[in-house]
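Here is a short set of exercises to work through with a structure open beside you. Try each task on your own, then read the solution.

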Amino acid sequence: MKRYSVSYVEVWDGDKVISSWFDYEKGGNKNGYGSMDKGENEQKALFHRLISDMVIRTVVDLPGNKVTKTSMDLIDGYDCYYTTADDSKVIVCFVKEAVPKFLPLRLLSELKNLNNDTDENLQNNVNNQLDKFHEELLSYRTEGQEIGNATEEELQKIIAIMNDNIDKFLQRQERISLLVDNTNQLNENSFKFHRKSSKIMRKMWWNNVKFYSIIAFIVIVIIAIMFLILLH
């Protein structure tokens with residue numbers, strides 16, 4: 001049975017990468033932006049650059065954030081997913097489109113609860129999750145064969161149905177993330193407007209204070225002059 005895997009996983013803490021995992025595969029799509037017909041170092045550098053330049057800046061950091069699929073097609077033939085852990089670390093994953101979509105969802109959901117602070121820890125965690133996923137598929141097919149003589153083709157049909165359901169879920173999740181992002185932006189703009197309005201109000205108040213102070217001083221001077229004139 002075919003063994004599925006992900007292509008690249010990277011963990012960010014703030015504005016820096018603390019660990020990464022890479023499954024190098026020769027060959028790849030030679031067409032379009034982000035061609036993967038490159039060597040190992042070039043492929044890894046490309047994944048990192050795309051995450052740094054185009055993914056991290058779009059992440060909506062929420063406690064308990066679910067796995068989100070980016071709407072951008074960063075590399076032909078690949079999907080990109082990300083999630084945030086409770087400690088605000090961001091975990092990003094690139095995976096080939098042919099891979100069942102519940103693998104990256106399952107992987108990121110598990111990784112966010114594990115220690116991924118070093119490359120070695122991340123490598124062990126990813127490999128363990130991939131092993132578990134493969135074993136579950138094997139046991140599922142074996143159970144199916146005992147019950148109804150399931151075949152590889154039937155398993156692929158099941159995977160296709162699950163992919164379709166997950167696509168609908170991811171689209172909804174992305175809309176929620178965009179809504180939250182837009183709400184945060186509106187709140188930030190509202191805060192800036194309130195702060196600017198307060199600053200203008202204070203400035204106007206001081207201008208009024210200065211104006212009335214000058215008027216009061218002039219009146220006092222006039223009264224004093226008139227009083228001196230009357231005395232003489």
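The exercises below go from the overall layout to single residues.

This is a predicted model, in which local features need pLDDT of at least 70 and side-chain atom pairs count only at pLDDT 80 or more, while totals for chains, interfaces and linings use all residues. Residues are numbered from 1 along each chain as its sequence is written, and side-chain values use heavy atoms, with hydrogens and water left out.

**Exercise 1. Lay out the fold**

Task: find how many helices and strands the protein has, and in what order the elements run.

Solution. Start with the rule for assigning elements: helices (H or I, at least four residues) and strands (E, at least two) are DSSP runs, numbered from the N terminus. Counting them gives 4 helices and 5 strands. Next, read along the chain from the N terminus, and the order is β-β-α-β-β-β-α-α-α.

**Exercise 2. Sort inside from outside**

Task: state what share of the protein is buried, and explain why α2 counts as largely enclosed.

Solution. First fix the words: buried means under 20% relative accessible area, exposed means over 50%, and partly exposed lies in between (1.4 Å probe, protein chains only). Of the 232 residues in the protein, 32% are buried. Now turn to α2, which spans residues 102-111. Because 7 of its 10 residues are buried, α2 is largely enclosed by the rest of the structure. The buried residues of α2 are F102, L103, P104, L105, L107, L108 and L111.

For a single buried residue, look at C80 in strand β4. C80 has a relative accessible area of 3%, so it is buried. Its C-alpha lies 6.5 Å from that of V95, and the two residues are 15 apart in sequence.

**Exercise 3. Trace the salt bridges**

Task: find which residues D131 and K89 pair with, and say which parts of the chain are linked.

Solution. Begin with the general idea: side chains of opposite charge can pair when their charged atoms come close. The cut-off for a salt bridge is a side-chain nitrogen of Lys or Arg within 4 Å of a carboxyl oxygen of Asp or Glu. The structure holds 4 salt bridges.

Step one is D131, whose side chain meets that of R3 in a salt bridge at 2.2 Å, N to O. This pair links distant parts of the chain: D131 sits in helix α3 (residues 119-148) and R3 in the segment before β1 (8-13), 128 residues apart. D131 is partly exposed at 31% relative accessibility, and R3 is partly exposed at 43%.

Step two is K89, which is joined to D87 by a salt bridge of 3.0 Å, N to O. K89 also forms a salt bridge with D117, with the closest N and O atoms 3.9 Å apart. Here, too, distant parts of the chain are linked: K89 lies in the loop between β4 (78-84) and β5 (90-96), and D117 in the loop between α2 and α3, 28 residues apart.

Step three is to join these up: D87, K89 and D117 are linked in a network of salt bridges. Within this network, K89 counts as buried at 15% relative accessibility, whereas D87 is partly exposed at 44% and D117 is partly exposed at 40%.

**Exercise 4. Inspect two loops**

Task: what is notable about phi of S88, and where is M72?

Solution. S88 is in the loop between β4 and β5. Its phi is near 75°, a positive value in a residue other than glycine. With a relative accessible area of 37%, S88 is partly exposed.

M72 belongs to the loop between β3 (68-69) and β4. M72 counts as partly exposed at 31% relative accessibility. Between the C-alpha atoms of M72 and M54 there are 8.8 Å, and the two residues are 18 apart along the chain.

**Exercise 5. Compare a record with the model**

Task: which residues does UniProt list as "transmembrane region", and how much helix and strand does the chain have there?

Solution. An unreviewed UniProt entry lists residues 211-231 under this name. UniProt positions are given in the numbering used here, feature names are shortened, and annotations may be inferred rather than shown by experiment. In the model, residues 211-231 are 100% helix and 0% strand, and the end C-alpha atoms are 30 Å apart.
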